[in-house]
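The following exercises concern strand pairing, nonpolar cores and residue environments. Please examine the sequence and the structure before turning to the worked solutions.

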Amino acid sequence: MSVASDRQKIERWLQSMPDTESVAGFVPGPGISKLDMTVDIGQLNADLKAILERATFHGDTFKVLPVNHRPGSHDPGATDLSGRYYLRMESGGDEIAMEDLVDEAAYTELDPLFRGTSFEDVFNELKARFTLGRMRVLSKVVYSCNSWHRDPEPRIHIPLVTNPGSLFIVNHHATHLPCDGSVYFTDTRGYHTALNGGFEDRIHIVAAIANS
């Protein structure tokens, strides 16, 4: 009985081809949406290129360039680059907390590297909309993936460089975030990951929405 039933299911599925076009675009879903705010991608990338002539990313596969910091703190520490997240090590296991909690609301000062650039405009635009936490430029190398985890706060993503093989997955929803000037809300309080299955590094501005 199950053999006949499964044969029928497979025959039905093979009657149509999977969608291979819309997967290169953005599909909103639970925990991921666009804001009305937009940015100038060309200017941001031009400014980033100039900034990277004077600074470098921290890290190898999970590369971080902090955009803001706590008053009086200019040398990035572990919590400036990463910080608290939660995950489950084993199937069916208890959730555990990793790394230290971060006082996101304390990150009030723009790093001098970014002053007078379009990153300062984004910094101010985001501050006008919510209590801004850490704002970082994150680069993900090709064929890499984050852990399956959740954060204490939601995140804003602004893709600067991407490819169709870069996906963001939150809970049961996966989508590509095109680099078209859009600004994305991602509810990273839910379990999520980001992967780059493409052929060039993916670069996003990622900003935390501090608990206020």
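Two strands are said to pair if DSSP finds at least two bridges between them. Helices (H or I, at least four residues) and strands (E, at least two) are DSSP runs, numbered from the N terminus. The model is predicted: local features need pLDDT of at least 70, side-chain atom pairs count only at pLDDT 80 or more, and totals for chains, interfaces and linings use all residues. Residues are numbered from 1 along each chain as its sequence is written, and side-chain values use heavy atoms, with hydrogens and water left out.

**Exercise 1. Determine the order of the four strands in the open sheet and identify its edge strands.**

Step 1. The order is β8-β13-β10-β11, with antiparallel pairing.

Step 2. β8 (144-145) and β11 (173-175) each pair on one side only, and are the edge strands.

Step 3. For the pairing of β10 (residues 166-170) with β11, three bridges are found, and the strands run antiparallel. Ile169 stands opposite Ala174 of β11.

**Exercise 2. Describe the pairing of β7 with β2 and with β14, and state how β7 is placed with respect to the rest of the structure.**

Step 1. Five bridges connect β2 and β7 in the antiparallel sense; here Phe62 has Lys140 of β7 as its bridge partner.

Step 2. β7 is also joined to β14, by seven antiparallel bridges, and Met135 has Ala207 of β14 as its bridge partner.

Step 3. Burial is judged by relative accessible area: buried means under 20%, exposed over 50%, and partly exposed in between (1.4 Å probe, protein chains only). Nine of the nine residues of β7 are buried, so the strand is largely enclosed by the rest of the structure.

**Exercise 3. Identify the residues with the most contacts inside the largest nonpolar core, and the elements that give two or more residues to this core.**

Step 1. A nonpolar core is a set of buried Ala, Val, Leu, Ile, Met, Phe, Trp, Tyr and Cys residues joined through side-chain atoms within 4.5 Å.

Step 2. The largest such core has 29 residues, and Phe119, Leu126, Met135 and Leu160 have the most contacts inside it. Two or more residues come from each of α2 (41-51), α4 (118-127), β7 (132-140), β9 (155-161) and β14 (202-209).

Step 3. Another core, of seven residues, lies apart from it and includes Phe26, Ile32, Phe168 and Val170.

Step 4. With contact taken as heavy atoms within 4.5 Å, and residues up to four places away in sequence not counted, Met135 touches residues including Phe119, Leu126 and Ile205.

**Exercise 4. Compare the surroundings of Ala55 and Arg202: is each residue buried or exposed, and which residues does each contact?**

Step 1. Ala55 is found in the loop between α2 and β2 (62-66), whereas Arg202 is found in strand β14.

Step 2. Ala55 counts as buried, at 14% relative accessibility; Arg202 is buried too, with a relative accessible area of 4%.

Step 3. Neighbours within four places in sequence being set aside, Ala55 is in contact with Leu65 and Leu113. On that basis, the contacts of Arg202 include Leu138, Lys140, His157 and Asn196.

Step 4. Between C-alpha atoms, Ala55 lies 25 Å from Ala105, 50 residues apart in sequence. For Arg202 and Leu110, 92 residues apart along the chain, the C-alpha separation is 23 Å.
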